Amino acid sequence: NDGDGVNATGEISIAHTSVGAATSWAQLDNAVRRAFKQHVARLDPGGGLVLGGDSIASYKLGESERRFDSTSPPPHLLPVGYVVGCVTSLHIVLQPVAALAFEALIPKGVAQRFVSLLSEHRRLVLCGAPGTGKTHLATRLAEFHAQSLGRDPAEAVATFNCDNKSGKELRQYLTHLGEQAAAGDNSVLPCVVVLDNLHKAGPLADALGSLPRNLPCLLGTMAQSACSATSLQLQHGFRWVLVAPHMEPARGLLGRVLRRRLASLELEQGLQPELAAVLGWLPRVWQHLNAFLETHSSGDVAIGPRLFLGCPLELDAARAWFADVWNYSIAPYLREAAREGLQLYGRRA
C-alpha cells in the first residue's frame with residue numbers, strides 16, 4: 001500500500017504496488033509519484049486540490065527513508081532489501097500544507113491561506129451555513145498549527161463548545177486562560193482554542209469582553225446568519241472567512257469525500273460501477289437542490305454537504321438511506337424555504 005478509507009492509525013490507503021528483486025530506487029520513485037497522482041486525479045477529476053508529485057516530501061519503506069530532493073543519496077541497498085519481516089506497506093509523507101489539503105480534501109491554496117491567517121493574526125472565525133464542514137475544518141487547522149509548533153495536538157488543542165454554554169461562561173474560560181498565560185504557565189496552556197458555534201454564546205461583545213493579548217490562538221466557528229464581521233474585526237481583531245456551499249473548500253468537498261470512500265472500497269473489493277454511479281449522482285443532486293433554493297429563495301438557505309456524507313457504501317442501503325433523507329429532511333426543508341422565499345422576495349422563478 002502506498003500509504004477513503006482512513007484506518008486506525010490515521011493513514012489513507014491509496015494503491016497497491018510491487019517491489020521486485022531488480023527494482024531500482026528511481027523506478028520506485030516513479031511508481032510512488034504515479035500512484036499518488038493517479039489517486040488524487042481519481043478523488044479530484046477537476047484538479048482543484050492542486051496536489052502533484054511535488055507534494056511528496058519523502059516515503060518510507062521498512063527502515064529506509066527516501067527523500068524527494070536532489071541532495072539526498074539513495075539508501076545503501078536496493079528497495080527489496082528493506083522489504084523484510086512484516087514490512088508490507090510503503091508510507092508516503094507529504095509536504096506539510098499538502099498533507100493538510102490531502103487529509104481534509106480542500107484545495108492546497110485554500111489550506112495555505114487558512115494556515116497563514118491563523119499563524120499571522122492568531123484570531124480567525126470560519127463563518128457559514130450549517131453542514132458546510134466548519135467544525136471539521138477548524139479542528140484540522142488547529143491540529144496543523146499545533147504540529148507546526150512541535151506540540152502534540154492531543155494536548156495542545158482545546159475545544160470550547162458554546163452549544164450549552166452562556167456568554168458569561170465563555171468569558172470566564174478566556175479570562176482563566178489569560179491568567180494562566182500571564183503566570184507563565186505555558187506548559188499546560190493549549191496553543192489553539194477552537195470556539196465552536198460561537199454565535200450560541202449570546203452577544204459577542206459580552207461573551208468575549210476585552211480579550212487579553214497573551215491568549216492562545218482562537219479559532220471560532222459561527223452560523224452565517226449571526227456573523228458580524230465588522231464587530232469581530234474592529235473590537236477583537238478576528239479575521240473572518242466565509243465557508244459557503246457555492247465556493248471552496250465546501251463546493252467540491254462532497255464529491256471528493258465520496259470518491260475517497262469509493263476508492264478505498266474498490267482497493268479491497270474491486271470495481272463497483274453501480275455504486276460509483278450513485279456516488280457520482282449525489283453531488284449533482286446537491287448542486288441542483290442549492291440552485292433551486294437560490295432561485296426560489298436565496299443563497300443564504302443553501303444546504304451544506306454534510307447531509308449527504310452519510311451515504312452507505314452498499315446499493316440497497318444507499319437507496320433506503322436516500323429515501324429517508326429526502327422524505328424527512330430535504331423535501332420539508334425545500335417546501336419551507338420556497339414558502340419563505342415567496343413571502344420575502346415574491347415569485348422569482
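Strand β1, covering residues 56-61, pairs with β2 in the antiparallel sense, and four bridges link the two. This is a predicted model, and that strand pair makes a good place to start a tour of it. From there we can look at the rest of the sheet, the helix packed on it, the nonpolar core, and two buried residues, R66 and N290.

**The sheet and its helix**

- The sheet is open and has three strands in the order β2-β1-β3, with antiparallel pairing.
- At the edges sit β2 (64-67) and β3 (90-94), each of which pairs on one side only.
- On average, neighbouring strands here are turned by 20 degrees against each other, direction ignored.
- Helix α1, residues 25-43, packs on this sheet and touches β1, β2 and β3. The direction of α1 makes about 120 degrees with that of β1.
- Within the pairing of β1 and β2, you can find K60 opposite E65 of β2.

**The nonpolar core**

- The largest nonpolar core holds 53 residues, and the members that touch the most others are F36, I92, F102 and L219.
- Helix α1 supplies the largest share of this core, with seven residues.

**R66, in an edge strand**

- R66 belongs to strand β2, one of the two edge strands of the sheet.
- Is R66 buried or exposed? Its relative accessibility is 12%, so R66 counts as buried, the cut-off being under 20%.
- The side chain of R66 meets that of D29 in a polar contact of 2.7 Å.
- Beyond its neighbours within four places in sequence, R66 is in contact with W25, A26, D29, S58, Y59, S72, P73, P74 and P75.
- For a sense of distance, take R66 and R339: they are 273 residues apart in sequence, and their C-alpha atoms are 60 Å apart in space.

**N290, in helix α10**

- N290 lies in helix α10, which spans residues 273-296.
- With a relative accessible area of 10%, N290 falls under the 20% cut-off and is therefore buried.
- Which residues does N290 touch, not counting those up to four places away in sequence? They are P245, A302 and I303.
- Take a closer look at I303: its backbone nitrogen lies 2.7 Å from a polar atom of the N290 side chain.

Note on methods:
Residues numbered from 1 in each chain as written. Predicted model: local features only at pLDDT ≥ 70, side-chain atom pairs only at ≥ 80, totals over all residues. Heavy atoms only, no water. Pairing = 2+ DSSP bridges. Axes fitted to C-alpha atoms, helices over the stretch in contact; angles between N-to-C directions. Contact = heavy atoms within 4.5 Å. Buried < 20%, exposed > 50% of the residue type's maximum accessible area, 1.4 Å probe, protein only. Polar contact = N/O pair within 3.5 Å; in protein donor to acceptor, adjacent residues only side chain to side chain. Core = buried A, V, L, I, M, F, W, Y, C linked by side-chain atoms within 4.5 Å.
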